[in-house]
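Reader: I would like to go through the labels on this model one by one. Please give the cut-off each time.

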Amino acid sequence: MKYIISTGRFTHYAADSTGKKGFPPFRVSTFREDRKGNFWILTWGGGLVKMDRDKGTFKIYQGNKSDPHDIHALPCNNVKGFQELADGRILLGFFEEKNPNALPCFFDPVKEIFTPFPLKDYLVHITPYEAFQIDAAIKIDNFIYEDTYGNFWFGTYSCLIQLDNRNKTASRI
């Protein structure tokens with residue numbers, strides 16, 4: 001739904017079960033607006049949705065079950081975490097513990113390409129048990145935050161994870 005101040009009216013966007021013309025019929029996890037004014041809707045089961053507020057249209061990004069490594073598809077359709085980075089890419093987090101591909105990824109909205117986050121590079125300096133714990137927890141993400149030092153923080157179902165980008169280390173808090 002959208003409220004138009006100039007007319008004093010609401011515009012309602014009906015769910016479209018095909019996902020081709022309207023809003024996909026999935027639960028909304030949250031929404032974000034990026035620095036360019038793009039409106040992003042994170043859904044539970046429906047992937048990532050970019051809304052063109054002027055046209056009232058939707059671009060839907062979903063996973064490709066037949067090819068989980070497709071760079072033009074999400075690794076998971078339960079999108080929960082969203083952090084826009086200085087270079088314009090978006091770091092996405094997911095909530096699907098049993099999906100081995102539900103690790104965070106970078107999304108380039110210009111090229112429309114998804115790139116896996118190099119989590120293994122951050123896990124080499126910790127014990128195998130701690131690496132296993134972080135690898136499992138980061139697949140059940142609730143939020144992502146980038147601090148002033150460029151570190152990523154993941155709020156997960158079971159813990160807080162800090163990924164130190166300068167030292168390429170991971171900590172379970």
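Author: Contact means heavy atoms within 4.5 Å. The model is predicted, so local features need pLDDT of at least 70, side-chain atom pairs count only at pLDDT 80 or more, and totals for chains, interfaces and linings use all residues. Residues are numbered from 1 along each chain as its sequence is written, and side-chain values use heavy atoms, with hydrogens and water left out.

Reader: Which residues does threonine 156 touch, not counting residues up to four places away in sequence?

Author: Threonine 156 touches Ala137, Ile138, Ile140, Asp141, Asn142 and Ile161.

Reader: Why is threonine 156 called buried or exposed?

Author: Buried means under 20% relative accessible area, exposed over 50%, and partly exposed in between (1.4 Å probe, protein chains only). Threonine 156 has 10% relative accessibility, so it counts as buried.

Reader: What makes the pair of threonine 156 and cysteine 159 a polar contact?

Author: A polar contact is a pair of N or O atoms within 3.5 Å; within protein, one must be able to donate a hydrogen and the other to accept it, and residues adjacent in sequence count only if both atoms are side-chain atoms. Here a polar atom of the threonine 156 side chain lies 2.7 Å from the backbone oxygen of cysteine 159.

Reader: Why is histidine 125 called buried or exposed?

Author: Its relative accessible area is 55%, so histidine 125 is exposed. Histidine 125 touches Lys168 and Thr169, not counting residues up to four places away in sequence. The C-alpha atoms of histidine 125 and threonine 169 are 6.6 Å apart, though 44 residues separate them in sequence.

Reader: How do you know that strand 8 and strand 9 pair?

Author: Two strands pair if DSSP finds at least two bridges between them. Strand 8 and strand 9 have 3 bridges, in the antiparallel sense.

Key
Helix = DSSP H or I, 4+ residues; strand = E, 2+ residues; numbered from the N terminus.
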